[in-house]
Amino acid sequence: TTLTANIAGFEFDDILLNAAGVYCMTTEELDQVLTAPGAGSLVTKSATPSFRAGNPAPRFTKMPLGSINSMGLPNNGLDYYLDYVITKQAVKPLFLSIAGLTKTDNLAMLHQIQASNFNGLVELNLSCPNVPGKPQTAYDFDATRAILTEVFQFYTKPLGVKLPPYFDIVHFDMVAAVLNDFPLAFVNTINSIGNALAIDPETDSVMIAPKGGFGGIGGEIVKPTALANVRALRLRLNPAIKIIGTGGVQTGRDVYEHILCGADLVSVGTNLAFEGPAIFDRLKTELLAEMAKKGYRSLADFRGNLQTL
Ligand SMILES: O=C(O)c1[nH]c(=O)[nH]c(=O)c1Cl
């Protein structure tokens with residue numbers, strides 16, 4: 001049984017990786033994902049041009065059926081992560097995530113990456129919900145078209161975008177119409193469901209400090225939305241644009257369902273934060289068992305084969 005995928009000519013021997021933001025802030029965390037059995041790649045914490053402290057703590061917490069976070073883009077700056085992926089890219093294909101606060105920052109970072117020895121894939125994060133005063137770019141279809149137009153005038157290495165969840169069929173149509181106009185290697189969907197609120201029953205208080213307690217949610221609770229976004233975009237996007245499915249993965253069956261909706265790779269956030277990198281081998285074992293039960297020997301046997309009634 002093979003668990004392989006190909007994005008932009010990069011062959012992945014395993015299809016699981018971390019979701020940006022989880023287990024990827026430091027080189028120590030990144031090394032744990034890099035060497036974890038069952039993990040086929042990794043993505044770095046979304047980078048800004050220089051170090052950011054991010055929002056005040058508590059800024060990530062467990063809640064019933066998942067997690068809520070308002071980290072505020074804390075990261076060690078682009079150079080830190082660019083150095084890491086260049087050093088390690090011979091091991092396996094790697095993803096470098098960037099999330100500039102302005103179009104100028106994103107373009108400057110991409111010029112630096114274009115000129116560097118990085119030979120992996122960039123994930124342009126257009127969906128951070130937690131920077132006060134900064135809207136999620138990918139909810140503005142004109143802004144999304146504008147930045148991708150400028151990016152592809154000079155950036156020639158493989159690039160994809162990290163998308164927020166959409167909740168309206170017409171929005172699936174509209175974002176796909178933008179993305180299909182560009183030579184994207186992939187989209188990663190979904191990012192957390194932004195600006196939710198969780199209340200601590202002991203204290204009648206919000207659970208995180210930033211933004212009056214508002215934060216992005218992930219984990220089990222977001223799986224139906226995640227699967228819908230993977231499926232909707234698979235049905236609409238040019239087949240050359242591959243899909244990384246993210247959201248609500250805690251079992252091999254969840255991985256299987258992302259693939260059934262059309263995912264090529266599957267990333268794990270909340271439940272990786274809770275369980276640690278050992279989760280990858282568990283998910284791989286459970287996925288193989290699910291495939292064996294169905295008589296499938298490769299992901300191509302069932303990828304995108306969700307049945308309708
Ligand atoms: O607060 C964050 O750092 C954050 N948190 C998220 O849930 N998604 C993102 O893309 C980012 Cl950048």
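User: What makes a pair of atoms a polar contact, and which atoms of glycine 72 and the ligand are such a pair?

Analyst: A polar contact is a pair of N or O atoms within 3.5 Å; within protein, one must be able to donate a hydrogen and the other to accept it, and residues adjacent in sequence count only if both atoms are side-chain atoms. In this predicted model, where local features need pLDDT of at least 70, side-chain atom pairs count only at pLDDT 80 or more, while totals for chains, interfaces and linings use all residues. Residues are numbered from 1 along each chain as its sequence is written, and side-chain values use heavy atoms, with hydrogens and water left out. A backbone N or O atom of glycine 72 lies 2.8 Å from an oxygen atom of the ligand, so the pair is a polar contact, given the limit of 3.5 Å.

User: Which atom of the ligand lies 2.8 Å from a polar side-chain atom of asparagine 191?

Analyst: For asparagine 191 the partner is a nitrogen atom of the ligand, whereas a polar side-chain atom of asparagine 69 lies 2.8 Å from an oxygen atom of the ligand.

User: What makes a residue one of those around the ligand?

Analyst: A residue is near a molecule or strand if one of its heavy atoms lies within 4 Å of it; the residues around the ligand include Lys45, Met71, Cys128 and Ser192.

User: How do you know which residues of helix 1 and helix 2 make the contact?

Analyst: Contact means heavy atoms within 4.5 Å, and the residues that make it include Leu30 and Asp31 of helix 1 and Tyr81 and Tyr84 of helix 2.

Technical notes. Helices (H or I, at least four residues) and strands (E, at least two) are DSSP runs, numbered from the N terminus.
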